[in-house]
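Work through the exercises below with the model open. Try each task before you read its solution.

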Amino acid sequence: MAIDFPLLSFLLFTPLAGALVCLFIGVGNSVAPRWVALLTAGGVFVVSLLLCLQQPPTAGWLLYEDYRWIEQFGIRYTLGLDGISAVLILLTAFLQVLAVLVSWRQERAPGVYFALLLVLEMAAFGVLLALDLILFYLFWELMLIPMFFLIGVWGYQRRFQAAVKFFLYTLVGSLCLLLAVISLYLLHGDQTGTYTFALEALKQTELSTTQELVFFLCFMAAFAVKVPLFPFHSWLPDAHAEGPAAGSVDLAGLLLKTGVYGMIRFAFPLFPVAAQKTLPLLAGLALVGLFYAAWVAYQLVDIKRIVAFSSISHMGFVILGLAAWNQTAWEGSLLLMVNHAITTAGLFAVVAMIEQRTGTRSLDQLGGLWKSHPNMSAFFLLFCMASLGLPGLANFAGEILILIGVFTVKPLWAVIAVGGILFSATYTLRLVQGTLWGGNCEPHDKQDLHSREWLVLVPLAVLVVALGCYPQPVLDLLREPLSALLLVGGMP
Amino acid sequence: MTLESLQSLLPQILLALGSTAILLGGAWVRNRRLWLLVGALVAIVAALVAAFVEPPQIDILGMYSASAYARFCTVLWSLTVAATLVISCRYVDIFRFGGGEYASLMLFAAAGMSLLSAATSFVGLFLGLEVLTLALYILIAFRHGDTRGAEAGMKYLVFGAVATAFLAFAIALIYTATGTFNLQAAAVGLQAGDGLRPLGLAGWALLLVAVGFKISLVPFHLWTPDVYQGAPAPVSGLLATAAKGAVLAAFLPLLVMSGEGVADIRAVLWLLAIVTMLVGTFAALPQTNIKRMLAYSSVVHMGYLLIALIVAGGDGSRALLFYLVVYSLATFGAFGIITTFADENGEIQDYGDLRGLSALHPRRCALLSVFLLSLAGIPPLAGFFAKFGLFQAAFRGGYAELAVIGVIASIISVYYYLRPLIALYTPEPAVVCRDFAASTETLLLVGCAVTILILGVFPSPLLTLVAQILP
């Protein structure tokens, strides 16, 4: 379905335009860039909201664009929007508004900072929309650069090590992906005579079992690092701990999601046979990650690192859902992904606020915030409860769907995973106890939430409750595209 | 020599005459910037002539060709030299270079490079290479009283002279074996399989040694870091880009046309490519001097280009030329930034001195980031599609192993390209306060960076052009 106005390209390039304006306006002006960034992010959010609300949830592409680009290599500029990308784009646009608000008082080179945030948003949109593998790869790599500089320039003391680690880890995965893409492209070209990177065409490539397995593993290397799946996760805690608050919101909300999206949009449909063969391995890693990350989170004292490890643990849950390979579990996985992005963004936002007021992130020195900052603590408690999967709050809906879906296929996996929820309860409660109750620390800033912080936290809290009680609108958007993807793959 | 051959060689003649004129003029008017700008103008005119004036004949005396390919190379090298001259304006003032001599030698080198990549016979090749090398000997040691510069000049002279000897001996052997100076005929003649084939092969092996010195392939690369470090930054830039590109460009048609005739050479090249990529990469990792790092980076990039040379054919040649342009833009840019950072105390080279410069010079640091990230092959910069084209050609030509090693080398390369960037963006006050760049310099470097960005998003026009002019 083609429409006259290239709405997707508009959505894609608006953040870039905003970024350029930020960059030029930011020279010698420290107030204007944040307003430009807020307006751009807000505008993009409104557009994507309309996009999601106006489209009927169908299986095909809601919007589609296709232009010639680099004919020498058979690369086309193809964008497509379906229910899955729509949900994730809406999520991205929403979190980006919050990311701008979280870093509102950015003093150091605000023009460049907000420009990088907007470029990151554009790259994430590109990843979620691209249907040509090289176009996808370009945006995939483009996500690295702004994130590298956000962590490396605006982070904490050990930011450079963290930034380089993040960059190298993800790059190694990405280049595996690139090698596989080029080989697949040549194989397809040799078979059919047309050299193309179009996803739909490449799905038809005839592959031997070994080839399929190798390609699948190369694709998964890139996506598993981004998710991050145990044992490829070690860059994430450092990136979170050393990165700025908005960087953490974007990491948890945008970057990690693109890994899962890559799996269901590219890796699984392109190599269904290999994917189904490796499902037990995937589930095994997901379960190990689930427990391992929870266990590590229980040992740590840095609250930002605890949240980072909880993130890894939750993403293990998401991957477990994918490994079940049925409609219920997949819906649960994507729902949990959305919910996790919202709760984690909330947690990181509150952690940044705690740090601003107390000057520390260590559980040893924190405590008693409930008395001095009741409103902030209430939000923190809410997000923590959502994170440990309290019924009625966001994460629960996703987790229960995943558990049901997994139980129908492999009851044992589900039983083990339930234990994981228990684990997450322990470290979350320790986190809550250590910060909100107990011995008083001496916060140098006695003020409770001010207006901008209310503005950040209220929408998140509303969403946490709303999605916990009524996740149906999201599921409606996901249902048809997911079942279409599952049909291509077939049942294991 | 007829009038027509002279007309066909017009760009080279322009460069050579311009060089002589500036040398003479420089003796009368001691204005550095004036002569540099005149030199740049001459180079630009030569480039325009090469690009837009149709030569009356293609084959010039059986020594040179005026094919579209040769003229494309002339345009590239002339523009590189013009850019080098413009970027050197402040630099020559700071170090009190003789402006006329400097510009004259640069143009002389441009003429040499242009002849080199236009050569169709060994005689032409030898002449071109010597013209280039002679100019470089002097340019490298141009800074008076600078011991590192003198050391670099000496090193290049010794290695260069040895390479020249190898080249001369190689030509003699090949001539004995095949009875011709013509490059094409010599390559094909090698195939004939007569009794002189071993002799010819020995000649080709010696030729490879000579070429290996010139484009610093491992194990002939040892001079590279020292020379790049000691030479004036703009000269290092020229050494790393055009001077190497011209040699590669001269050998590209040879490997493309001769088909199976040079299969044995290809096997050697295969080994050289692997060794060059790996050794260069690992040698670059511990460097703490940006010029030495860029030297090893250029070694690694020569290894990549060797892949394209091995694949030859349509895809390979296209990838090679595209890569050469993109690599030259980024490398020239990086050395250009180092040039603009120079002041009376010398150049900034150590990462320790780079620390915190971003606060002082945000624009130039951003530009340097663009150049280094492009060299690392990070999209959406042009370096990505250059590497993409290269690895795609390698896969398609049946050299998947080279592509895989290339990819691994480029993963590791990110580390050594990020190290100077990290130093730049360290939040410390810069140790030394440096001058601000002249607007012409900034403009030129911004131009390079913008071209890199545009080529990264729209590589099609250049790819089409390159495909059209291929031999």
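**Exercise 1. Locate B:Pro219 and describe the peptide bond before it.**

Step 1. B:Pro219 sits in the loop between helix H10 (197-214) and helix H11 (223-230) of chain B. Helices here are DSSP runs of H or I with at least four residues, strands are E runs of at least two, and both are numbered from the N terminus.
Step 2. The bond joining B:Val218 to B:Pro219 is cis, with omega about 10°.
Step 3. The model is predicted: local features need pLDDT of at least 70, side-chain atom pairs count only at pLDDT 80 or more, and totals for chains, interfaces and linings use all residues. Residues are numbered from 1 along each chain as its sequence is written, while chains are lettered from A and ligands numbered from 1 in the order in which they are written.

**Exercise 2. Is B:Ser216 buried or exposed?**

Step 1. Find B:Ser216 in the loop between H10 and H11 of chain B.
Step 2. Its phi is positive, about 45°, although B:Ser216 is not a glycine.
Step 3. Count neighbours: B:Ser216 has 26 C-beta neighbours inside 10 Å, so it is buried. The cut-offs are 20 or more other C-beta atoms within 10 Å for buried, 12 or fewer for exposed, and partly exposed in between, with C-beta atoms placed from the backbone.

**Exercise 3. Find the other cis bond described here, at B:Pro380.**

Step 1. Go to the loop between H18 and H19 of chain B, where B:Pro380 lies.
Step 2. A cis peptide bond links B:Pro379 and B:Pro380, and omega is about 5°.

**Exercise 4. Describe how H18(B) packs on H21(B).**

Step 1. Take helix H18 (residues 362-376) and helix H21 (residues 439-457) of chain B. Their axes are 10 Å apart, at an angle of about 35°. Axes are lines fitted to C-alpha atoms, for helices over the stretch in contact, and angles run from 0 to 180 degrees between N-to-C directions.
Step 2. List contacts, meaning C-beta atoms, placed from the backbone, within 7 Å. H18(B) contributes residues including B:Leu367 and B:Phe371. Among those from H21(B) are B:Leu445 and B:Ala449.

**Exercise 5. How many residues does each chain give to the contact between chains A and B?**

Step 1. Chain B gives 18 residues and chain A gives 21 residues.
Step 2. On the chain B side, H20(B) supplies the largest share, seven residues.

Methods: Contact = placed C-beta atoms within 7 Å.
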